[in-house]
Structures are given as C-alpha cells and as structure tokens.
Amino acid sequence: MGGHGHGHGLGVPYTVPSPDIYKVEDVPELLRVKEKLAAKGLKDPWLRNEVWRYTALPGTPFSRAFRGFTRGAILGIPAFLITIGVEQALGISYEPEHDDHH
C-alpha cells in the first residue's frame with residue numbers, strides 16, 4: 001500500500017543506525033540527569049533517545065544557535081547592500097508620490 005518510493009531496495013541512500021550505539025554514559029549531561037533521577041528512585045526509559053542531540057550535532061548549543069542565525073549572512077548582507085546601491089543609483093523610491101491633491 002502507499003508506494004511513493006518508500007521501502008527497501010528503492011534507492012534509499014541511508015540505513016537506520018542501531019539504537020544500541022547511543023549510550024547515556026557517553027554524554028555527561030545526560031548521565032547527571034540519570035543519576036539525579038536514580039537518587040529519587042526514578043528512571044527515564046526514553047533518556048537514550050536524547051543522546052543523538054549531544055553526539056550528532058557539533059559544537060555547543062550557543063554555537064549551533066549562532067550558526068543558525070548567521071547562516072545566510074555571508075550572501076545576504078552583500079545582496080542587501082547591492083540592492084540598496086542599485087535602488088539609489090536608479091532613483092527608485094518606495095515613498096508615496098505627493099501631488100498637490102489632498
């Protein structure tokens with residue numbers, strides 16, 4: 001049912017990794033969470049699902065956020081400045097024209 005090219009042998013360029021490769025013990029932040037929960041007699045069976053966030057994404061959360069906000073700046077800022085320069089050179093104005101009609 002469905003189709004849409006989803007399935008085995010249909011040119012899928014990746015394989016799903018085994019969940020056993022993600023270990024809470026490999027991430028100090030999550031290990032602290034696990035220990036704090038254990039101190040209260042609690043356990044989070046889904047904590048392992050968060051390991052990829054700390055191992056697959058490079059850098060600190062701040063550096064990832066900074067990179068995300070500035071990703072297009074290398075092309076965007078010069079494009080913006082060129083647009084302003086062209087508009088000034090051609091005399092393009094977006095202000096409403098004022099006639100003597102009120």
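**Entry 1: two rings on a helix**

I started with F62 and F66, which both sit in helix α3, residues 61–70. They are 4 residues apart, about one turn of the helix. Before going further, a note to self: this is a predicted model.

How many aromatic pairs does the structure hold? I found 1 aromatic pair. The ring centres of F62 and F66 are 6.4 Å apart and the planes meet at 20°, so I wrote the pair down as stacked. The cut-off I needed here is that planes under 30 degrees apart count as stacked. I also looked up whether F62 and F66 are buried or exposed. Both F62 and F66 turned out to be exposed.

**Entry 2: the whole chain**

Next I zoomed out. The chain has 4 helices and 0 strands. Reading from the N terminus on, I get the order α-α-α-α.

What share of the 102 residues is buried? Buried residues make up 6% of the chain. The accessible surface comes to about 9600 Å², and 63% of that belongs to carbon and sulfur atoms. I looked at contacts too, taking those between residues at least 6 apart in sequence. Of these, 45% join residues at least 24 apart.

**Entry 3: helix lengths**

I checked two helices against their expected spans. Helix α1 covers residues 28–39, so I had 12 residues to work with. From its first C-alpha to its last, α1 reaches 16 Å, close to the 16 Å expected at 1.5 Å a residue. After α1 comes G41, and its phi is positive, near 80°.

Then I did helix α4, residues 73–90. Its 18 residues should span 26 Å at 1.5 Å a residue, and the end C-alpha atoms are 25 Å apart, which agrees. G91 follows α4, again with a positive phi, this one near 75°.

**Entry 4: the nonpolar core**

Which residues make up the largest nonpolar core? I listed V24, V27, L30, L47 and V51, 5 residues in all.

I picked L47 for a closer look. L47 lies in the loop between α1 and α2. Its relative accessible area is 8%, so L47 goes down as buried; the cut-off for that is under 20%. Leaving out residues up to four places away in sequence, L47 touches V24, L30, V33 and K34. I also looked up one C-alpha distance: L47 and V33 are 14 residues apart along the chain, and their C-alpha atoms are separated by 8.8 Å.

L30 was next. With the sequence neighbours up to four places away left out, L30 touches V24, L47, E50, V51 and Y54. V24, L47 and V51 are on my core list as well, while E50 comes back in the next entry.

**Entry 5: salt bridges**

How many salt bridges does the structure hold? There are 2 salt bridges.

One joins E25 and K34, with the closest N and O atoms 3.0 Å apart. E25 has 45% relative accessibility, so I marked E25 as partly exposed. K34 has a relative accessible area of 38%, so K34 is partly exposed too. K34 had already turned up on my list of residues that L47 touches.

The other salt bridge joins R53 and E50, with the closest N and O atoms 2.5 Å apart. R53 is at 39% relative accessible area, so I noted R53 as partly exposed. Is E50 buried, exposed or partly exposed? At 30% relative accessibility, E50 counts as partly exposed.

E50 sits in the loop between α1 and α2, with α2 being residues 51–55. I already had E50 down as a contact of L30. Last lookup of the day: E50 and V24 are 26 residues apart along the chain, and their C-alpha atoms are separated by 8.4 Å.

Note on methods:
Residues are numbered from 1 along each chain as its sequence is written. This is a predicted model: local features need pLDDT of at least 70, side-chain atom pairs count only at pLDDT 80 or more; totals for chains, interfaces and linings use all residues. Side-chain values use heavy atoms; hydrogens and water are left out. Rings of Phe, Tyr and Trp (its six-membered ring) pair if their centres lie within 6.5 Å; planes under 30 degrees apart count as stacked, over 60 as edge-to-face and the rest as tilted. Helices (H or I, at least four residues) and strands (E, at least two) are DSSP runs, numbered from the N terminus. Buried means under 20% relative accessible area, exposed over 50%, partly exposed in between (1.4 Å probe, protein chains only). A nonpolar core is a set of buried Ala, Val, Leu, Ile, Met, Phe, Trp, Tyr and Cys residues joined through side-chain atoms within 4.5 Å. Contact means heavy atoms within 4.5 Å. A salt bridge is a side-chain nitrogen of Lys or Arg within 4 Å of a carboxyl oxygen of Asp or Glu. Accessible areas come from the Shrake-Rupley method with a 1.4 Å probe; for residues, only the protein chains shown count as cover.
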